Amino acid sequence: MGEESGIASISAEKQLMERIAKILNETRTSYATHTRKLKELSALRSKFSSLSSSPSKAVSSSRRFAEVFVKTLTPLFHSAQRRTAAAERVVRFVAEFACMGCTSVDGSDCDELLEEFVKLLLVGAFAANRNARFRACQIISEIILRLPDSAEVSDELLDDVIDIMMQRLRDKVPVIRTFAVRALSRFVNDSENSDILDLLLEELPLEQNPEVRKTIVLSLPPSNSTTQAIIDCTLDVNESVRKAAYSVLANKVPLQSLSIKLRTTILQRGLADRSVNVSKECLKLMKDQWLSNCCQGDPIELLKYLDVETYEAVAELVMDALLSEGLIKLHDDESMRQYISFETCEAGVETTCSRPSIRLMEPEISLYWRTISRHLHKNAQAKGSDAAVAMGAQAAVYASEASDINDLLDRILPATVSDYVDIVRAHIDAGPDHHFASRQLLLLGTLLDFSDATFRKTASSFVQELLRRPLEQELDEDGNQIVIGDGINLGGDKDWADAVSKLVKKVHAAPGELEEVILGVLEELARPFRERTADFMQWMHTLSVTSLLLENAKSLRSLQGKGIEPEEILHALLLPGAKHVHLDVQRIAIKCLGLFGLLENKPSEALVKQLRVAFSRSPPPIGIMACKALVDLGMWHYPQEVDKAMGQDLSSQLKNDNNIDFVPIDLSNPDEDLNIKLLDLLYAGLESDDWRIFIDDESVKTTVGEGFAKFLLLGEKYPDLPASFHPFVLAKLIALYFSEESTGQLRFKQCLSVFFDHYASLSAKHKGYLSKAFIPVMRSMWPGIDGNPGGSPFVISNKRKRAVQASRFMLQMMQAPLYTTETRVEPENRSSISSETPNDSMQLPLECGEEGLAVRIGSEITSFQAKKTPAEKAYVTALCKILVLLHFRSSEQNTIKLMRKLLSRVADSIGWEKDILKEVKLLAEHLKSLDVCPEEELSQDQANSIFDTLAVKFNLDMIVSAEVPQTPAPCSTRQVRTRRRVRREETSSDEEEASPVSVQSAAPSVHCTTMTRSHRASKAAALARMTASKAKTTINAGNDDNEEEGFSSEVTAEDTDESDEYRE
């Protein structure tokens, strides 16, 4: 009887599996069948449970049904198939069935089934097979997300789910990590599960897969600890992650909970994003959430949340986005005229004879009207241009639209120029609190029409009033005057000076009129200087007006014959100001000297001498300004012309020879001889050890570095520069870029980063300079070489890492293709080892190509003695790693033969590095295949010619064989024993789908009775046998499984290819 009941039970389970499989197959076609099939499967489950009457048997039936259900799904777990729509429908149906009973009134039995089913899935989450883990985590995440809050699930089971999903979050398969995050998102809001949130925040910056990062971002709850992480994702490299970040900010993070800095950061990044989808998502956030919900559709209220005085650029970006989307609608009674009112006479009529009453604007309102007026003015010009090029009715339509826009603009702006002047003057007189609004109103003046002589006269009088307005000041505790602002620009603010300059050029647009007006004001301000009664405040104000004049003047000829002559400006104002006792006066005077020198046909002797003295003998703030002036003069007039202005012979260490041994010059030493040329003087500043930051993240060293980067980038415009200047200075800049001292110099590193991106691709000569600079850079950065200091092991390791980074960076620059304007040919795709390089079709000279760099590196490696220090060994190894990455053109036959000779010596120099030696041998074999006539030897004269072309001093004996010696096998004193066969360990593996590896691919054995194979070859052969045996066993096991699964349904027979999403 027992055997018969067991057989009957097995038969019943098999029938149940077949019926479940049939239902699952029918759910694959459409989601519309799920409701009906859920009822059928529920009825089948009830019928199975009704076979047991006692509660204990009911529990047993739930477990048995869950086991049968999972067993039916086993092919879905084991077969490697793609995430097809049919399979996804089955997964969704399974999750719906598991959660179906939790919504019923009496669902205790179904809850038990859910628990038993989830327990079996948790076992699958630890499976060695990646597809099984994936399906288990996928179904668990679907169940967790669909599980209602009223479901009676034991706390122990939920704790197990959380623990296992937290472990799966570190799975090596990205799609498994994705579903683990989805499952954990249900519990992340619970305060008791704070470790989940900590884990998600920890994994987010470390995650490499964009889909996983996106899922984590969408799962984060709004809180103070997660807001910054979400905002950081707006800079993610993947578009979908950035878009998800803005979606989360819109739906979860209210505007009021964000600081002003975070609000502006979000809008600045989103509206300026390179992806249209991301910028649209940010616009949707700003429009639907912030503007509509938080600000009731009022754009001025939105601007108040952004602090327009501090973040003016972001506010303009917001207004431009709102205007382009048509979200700002102007009413008939809205204009700037509502802030101007006139007194009424006794008859109750407004009169314009009395002074108008001005209502002051808030900063947000002033920016609001300026951006709207600028937008309307731009649209009117665009429509007018379209009307000019169109014809017929279309031109009339464009002209009508332009006229309507101009009428609207006229209604918004003040009625007359006098009204405009009155409203601006009122805001200026209101004090520093309305300085921002005053500047916005000044910028509005560029949209007014000053063609009428009366209007222009009123505006000219107001402009001269602005120029005469002294700098704002305050008194300190000791009663000393302190200038408010930067002390350089008019009004103490660069933006204010630009606004005044634009208004002056708009009012005085006639040729020469601007210079005449400013010189007239300058003559009036210079009277105290002639009487020697001016204080430092008057000096700074006068020099700021002079700076404004020199920035807008076209030449010194336009300044002649007016109120004050250019020579008087130089000798009576600028040179005395550069020698003033007050440092702020010196600084602005040096700036004016630089501007004055740019307007001269040839730089004057007094001007150049004063700038050189200020650069070498003055404090850093003044030295920075003098450095900028000298660099600008050198680039405008050429360095040779600036040197000629000194009127004497100047020495230089930068000569035409290739080897430069620059002797440092101490600029701080008053006894130092400074009769040197301009480039030597600037390079002395680059050699200084002063990295201190003083003004706007600048120092003397960084300013000189940026200046030299300009010289190198535009090197073809300066043909008279010494031949050694380019590689010498380039090597210095690369070393500075990767030095530890420049880590905090963000502005300097950003400048050099942009410079390096373009330098190597602009010209073939630049690649030649880079090739020459490669070895000097490595020697200057490597610790323990050429007297470079070492330090502790940690310090030495960091220095070596920086040097290796520099070498790879220079290699990347060498292999970067030239710009099309230089090459005229599209570069070919380069493989890992190819006889044709991207520059092969360009026929680069030897000294500019990778072959020349290879010869330099090979000569450098072989120049070291046989016995090397640890530092030299590490240095040679680093060079070899770069050498094997270079490419060779088949057209350079002589260079290929020379490199084959050099590689034979290189192999002798790195015998201790087996891995590198193997790569060197591969390179030697590759060169041998490129050699058209391998039997033809390279003569000594041909080798010397190549070395002379590259300016490399190296003697190579061409008699030496070009064959790379084989690595000698280690001798063994023990008798050779037969090897035992490696027995495969019976453990599960993640690589069940791995393809078998042939035993013949192992390293060949050495046929010798007195020598054994090397340890590396023996290990490779053993691993090959193990892999082949394991693959064979896996194939046999797979065949057995296929025989046992004859009853499997079509659910899992749909696709047997492994999904791309499972790949790491």
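**Entry 1: a salt-bridge network**

I began with six residues, Glu-312, Glu-316, Asp-320, Arg-370, Arg-374 and Arg-439, and found them linked in a network of salt bridges. For my own memory, a salt bridge is a side-chain nitrogen of Lys or Arg within 4 Å of a carboxyl oxygen of Asp or Glu. I then looked up the total, and the structure holds 39 salt bridges.

Before going on, I noted that this is a predicted model, in which local features need pLDDT of at least 70 and side-chain atom pairs count only at pLDDT 80 or more, while totals for chains, interfaces and linings use all residues. I also noted that residues are numbered from 1 along each chain as its sequence is written, and that side-chain values use heavy atoms, with hydrogens and water left out.

**Entry 2: three single pairs**

I looked up Arg-146 next, and it forms a salt bridge with Glu-96, with the closest N and O atoms 3.9 Å apart. This pair links distant parts of the chain, 50 residues apart: Arg-146 is in helix α7 (residues 130-146) and Glu-96 is in helix α5 (residues 85-100). Helices here are DSSP runs (H or I, at least four residues), as strands are (E, at least two), and they are numbered from the N terminus.

Are these two partners buried or exposed, I wondered? I wrote down the cut-offs: buried means under 20% relative accessible area, exposed over 50%, and partly exposed in between (1.4 Å probe, protein chains only). Arg-146 counts as partly exposed at 33%, whereas Glu-96 counts as buried at 17%.

My second pair was Arg-133 and Asp-171, a salt bridge with its closest N and O atoms 2.9 Å apart. Arg-133 lies in helix α7 and Asp-171 in the loop between α8 (155-168) and α9 (174-184), so the pair ties together parts that are 38 residues apart in sequence. I found both Arg-133 and Asp-171 to be buried.

My third pair was Lys-383 and Glu-401, where the closest N and O atoms of the salt bridge are 3.0 Å apart. Here, too, distant parts of the chain are linked: Lys-383 sits in helix α18 (residues 363-389) and Glu-401 in helix α19 (residues 392-412), 18 residues apart. Lys-383 is partly exposed at 26%, and Glu-401 is partly exposed at 30%.

**Entry 3: helix α36**

How far apart are the end C-alpha atoms of α36? I checked this 18-residue helix (residues 764-781) and found them 26 Å apart, which agrees with the expected 26 Å. The expected span is 1.5 Å times one less than the number of residues.

I also found a bend of about 35 degrees at Ala-773, with Pro-776 following within four residues. The bend at a residue is the angle between axes fitted to the seven residues ending there and the seven starting there. At the N-terminal end, Ser-763 caps α36, with a side-chain oxygen 3.2 Å from the backbone nitrogen of Lys-765. Of the 18 residues of α36, 13 are buried, so the helix is largely enclosed by the rest of the structure.

**Entry 4: helix α33**

I compared the span of α33 (residues 700-713) with its expected value: this helix of 14 residues reaches 20 Å from its first C-alpha to its last, close to the 20 Å expected. I saw that 12 of its 14 residues are buried, so α33 is largely enclosed by the rest of the structure. The buried ones include Val-700, Lys-701, Glu-706, Phe-708 and Leu-712.

**Entry 5: Met-17**

I found Met-17 in helix α1 (residues 2-27), where it is buried at 8% relative accessible area. Met-17 and Leu-73 are 56 residues apart in sequence, and their C-alpha atoms are 9.3 Å apart in space.

**Entry 6: two positive phi values**

I read that most residues other than glycine have a negative phi. Gln-296, however, has a positive phi near 55 degrees. Gln-296 is in the loop between α15 (276-294) and α16 (299-304), and it counts as exposed at 62%.

Ala-951 also has a positive phi, near 55 degrees. I located Ala-951 in the loop between α43 (940-949) and α44 (1015-1044), and it counts as partly exposed at 37%.

**Entry 7: cysteines**

How many disulfides are there? I counted zero disulfides, taking a disulfide as a pair of cysteine sulfur atoms within 2.5 Å. The sulfur of Cys-294 has its closest cysteine sulfur in Cys-295, 6.0 Å away, too far for a bond. I also looked at Cys-282, which is buried at 0% relative accessible area.

Conventions. Polar contact = N/O pair within 3.5 Å; in protein donor to acceptor, adjacent residues only side chain to side chain.
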